[in-house]
Amino acid sequence: MTRLNHDIKNSFLYPRSCYYGQLTPENLIFNANLQEFAQKVGYISSLETNGKLSPEEALKEIDALWQQFKASK
């Protein structure tokens, strides 16, 4: 896969929004972690909705993500 195709695929699968708040390293890291958390929760929710994950498994996955996110503060 060429570098351009790889970048296009990544920007589609992992969209990032601009940060408009006060520019500090801590705020930028928090924002990036929050966006990653939200993206992964969206994927898990979709998998559960489509029957690929049980509700219990989805809840476990989201809880694990939440613990990771909380630890990243």
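Helix axes here are lines fitted to C-alpha atoms over the stretch in contact, and angles run from 0 to 180 degrees between N-to-C directions. Keep that handy for the tour.

This is a predicted model: local features need pLDDT (the predictor's confidence in each residue, from 0 to 100) of at least 70, side-chain atom pairs count only at pLDDT 80 or more, and totals for chains, interfaces and linings use all residues. Residues are numbered from 1 along each chain as its sequence is written, and side-chain values use heavy atoms, leaving out hydrogens and water.

**Stop one: confidence.** Color by pLDDT; the chain's mean is 88, with 89% of its residues at 70 or more. Now select residues 3-13, helix α1, which has the lowest mean among the elements (70), then residues 55-71, helix α3, which has the highest (96). Helices are DSSP runs (H or I, at least four residues), numbered from the N terminus. Where pLDDT is low, don't read the predicted coordinates in detail.

**Stop two: the helix pair.** Add α2, residues 25-49: its axis and that of α3 come within 10 Å and cross at roughly 175°. The two are therefore roughly antiparallel (angles over 145 degrees). Show side chains where they touch (heavy atoms within 4.5 Å): Phe30, Phe37 and Ile44 are among the α2 residues, Ile62, Trp66 and Phe69 among those of α3. The contact's residues divide into eleven nonpolar, one polar and three charged.

**Last stop: Lys40.** Which residue does lysine 40 meet in a salt bridge? Select glutamate 36: the N to O distance is 3.0 Å, inside the 4 Å limit between a Lys or Arg side-chain nitrogen and an Asp or Glu carboxyl oxygen. The two sit four residues apart in α2, so about one helical turn separates them. Lysine 40 is partly exposed at 33% relative accessibility, and glutamate 36 is too, at 34% (partly exposed lies between buried, under 20%, and exposed, over 50%, with a 1.4 Å probe and protein chains only).

Note on methods:
Angles under 35 degrees count as roughly parallel, over 145 as roughly antiparallel, 65 to 115 as roughly perpendicular and the rest as oblique. Ala, Val, Leu, Ile, Met, Phe, Trp, Tyr, Cys and Pro count as nonpolar, Asp, Glu, Lys and Arg as charged, and the others, Gly among them, as polar.
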